[in-house]
Amino acid sequence: MSFLRVLHAEWTKLRTLRGWVLGLFAGAAVIVALGLAPGRMGSCDVSDCTPTLGPEGQAVADNSTYVHRNLTGDGSITVRVADLTGQLPAFDGPQMRDGLAPWSKAGLMIKDGTKAGAAYAAVMLTGEHGVRMQYNYVHDQGRPSSAKIKPQPVWLRLARTGDTVKAEQSTDGSAWTEVGTARLPGLPATVTAGMFATSPQYSEQVDESVVLSGVSGGPSIATGTFENPATSGAFSPDWEGPAGVAPQEPAPPSAPDASRARSAGPQTGFVKTADGWTVTGSGDIGPAVSGASGGSVTISQTLVGTFLGLIFIVVVGAVYVTGEYRRGMIRTTLAAVPHRGRVLAAKALVLGAAVFGLGLAVAAVVVTGGQAVLRGNGVAVAYVSAATELRVMAGTGLLLAGCAALAVGVGSLVRRGVTAVTVSIVVIVLPYLLSVTVLPLRASDWLLRFTPAAAFALQQSEPRWEQVDNIYSPADGYFPLSAWGGLAVLAVWVAVVLGGAGYRLGRRDA
């Protein structure tokens, strides 16, 4: 019998046995029901939920205190960053505590105006990552950002030549070292250039024994002390700050900075000093993130019901094989197809293809409908491109299909229904469930790298940004492997288990 006829025979079995069909559709129904459930509530209105998009199309954060002048044509700005200090959330009360967020920033920026999301290039001193050049929100240059460097006085310079902005640093104001170069296509003739400070939302995993609790966070602030700002080129005469924000008066000597810094909530603004400016800011200029440090949820979280639906699917995959052993039908099947490997391959392909189509349709409904439900409830949903949505939908189909094929292999190896179902759930579903609920992040990271649950990375819709501190946990839709890396792990499992099952099937009588 040709392989095509074997495939047709297996498809006929699958679609004519009502229990198997109902099991697959029950799994799909669970995913849809949980994805469209209106349980999560938020507080944003339509405008709040609308993301700020950067010049390259990504959702971005653009919040800082920016003191600037207009620059027409080419020119440069130089300043000495004499100090960088900050405040972090106290976690045990409304006050702030002394401390500096690792990605707090104080430096120079050239920007296409002051509108949020506009093109920019900046050079900055950071809390723990030294001097960096960042531009257009998603690009980061400098020495490896994982290297922790204590803040120190440093001279910074930004120079514009046409659409190109060059960043330099110096330890003495005389000898300069290039930090990076950025090209900003379409940069207008007149831009803004000046000093800024900002500090991102700060979170800590204060209890590493669990994933879904033990995370504390809040806004942080950074204060940059800028001395001797110098410009060259056609600059406007007056410095300006954020719209509607007037410069603060310098604090009197009797009021130490520490008393202001420990006041409740972040206090931002700018102060003119004898030789420069002191600028205090809160927020971030960079990619928008979700999770513990972000205010939005990812589209991956609309697919939270996948692991429950997967239980139904792996049950069908296991009994798709063991049912024939239990009823003795396997002898008839093998008599008609002496090449036993074809039978096993056909079962895996037929069930996998059927589950892929069903999973793709379910994911399309949940991803589109789930976002509408969340936004209707005032929940901010992280913006992703249409291509990313399609990749997540297709990835969900591949995840379900691969796990179904794996369950077929387990069923053929074990040959007993209850045992096969138990093994399939423990190997495929349980690692994911533990990773998003009770396991510490390190243990969940291991499970999601080496078990079939690694393929849940196919549902990740947002990248991890090295220049954005966040608790990138599986519960928030972040996984340790890339989407295709997770798929590769599942593919290896499927190949090994089906290979072992095929070997056993060929060596033993039915």
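Let's start with a contact between side chains: lysine 111 and aspartate 62 meet in a salt bridge, with 2.7 Å from N to O. Lysine 111 sits in strand β5 (residues 105–111) and aspartate 62 in strand β2 (residues 59–62), so this pair ties together parts that are 49 residues apart in sequence. The count of salt bridges comes to eight. Keep in mind as you look around that this is a predicted model.

Strand β2 also takes us into a sheet. Three strands, in the order β1-β2-β18, form an open sheet with antiparallel pairing. Its edges are β1 (52–53) and β18 (285–287), each of which pairs on one side only. Between β1 and β2 the pairing is antiparallel and runs over two bridges. If you want a residue to click on there, try threonine 52, whose bridge partner in β2 is valine 60.

Further along the chain there's a hairpin to look at. Strand β16 (residues 269–272) pairs with strand β17 (residues 276–281) in the antiparallel sense, this time over four bridges. Three residues make the hairpin connection from β16 to β17. Glycine 269 has threonine 280 as its bridge partner in β17.

Now for the helices. Here are three packed pairs side by side.

| Helix pair | Axis separation | Angle |
|---|---|---|
| α1 (residues 3–16) and α2 (residues 18–35) | within 5 Å | roughly 75° |
| α8 (residues 386–414) and α9 (residues 417–435) | within 9 Å | roughly 140° |
| α9 and α10 (residues 441–450) | 9 Å | about 150° |

Take α1 and α2 to begin with. Their axes cross at roughly 75°, which makes α1 roughly perpendicular to α2. On the α1 side, the contact is made by Lys13, Leu14, Arg15 and Thr16, while α2 brings Arg18, Trp20, Val21 and Leu24. Sorted by class, the contact of α1 with α2 has four nonpolar, one polar and three charged residues.

What about α8 and α9? Their axes cross at roughly 140°. An angle over 145 degrees would count as roughly antiparallel, so α8 is classed as oblique to α9. The crossing of these two helices is right-handed. From α8, the residues in the contact are Cys403, Leu406, Ala407, Val410, Gly411 and Val414, and they meet Thr419, Ala420, Val423, Ser424 and Ile428 of α9. The residues of this contact divide into eight nonpolar, three polar and no charged.

Helix α9 has another partner in α10, and there the packing angle is about 150°. The two helices are therefore roughly antiparallel to each other. This crossing, of α9 past α10, is left-handed. Pro431, Tyr432 and Ser435 are the α9 residues that meet α10, where Ser444, Leu447 and Leu448 are waiting for them. By class, the contact of α9 with α10 comes out as four nonpolar, two polar and no charged residues.

So what does α9 look like from its own point of view? Towards α8, α9 uses Thr419, Ala420, Val423, Ser424 and Ile428. Towards α10, α9 uses Pro431, Tyr432 and Ser435. There are no charged residues in the contact of α8 with α9, and none in the contact of α9 with α10. The contact of α1 with α2, on the other hand, includes three charged residues.

Definitions and conventions: Residues numbered from 1 in each chain as written. Predicted model: local features only at pLDDT ≥ 70, side-chain atom pairs only at ≥ 80, totals over all residues. Heavy atoms only, no water. Pairing = 2+ DSSP bridges. Axes fitted to C-alpha atoms, helices over the stretch in contact; angles between N-to-C directions. Parallel < 35°, antiparallel > 145°, perpendicular 65-115°, else oblique. Left-handed = near helix turned anticlockwise from the far one by under 90°. Contact = heavy atoms within 4.5 Å. Nonpolar A, V, L, I, M, F, W, Y, C, P; charged D, E, K, R; others polar. Salt bridge = Lys/Arg side-chain N within 4 Å of Asp/Glu carboxyl O.
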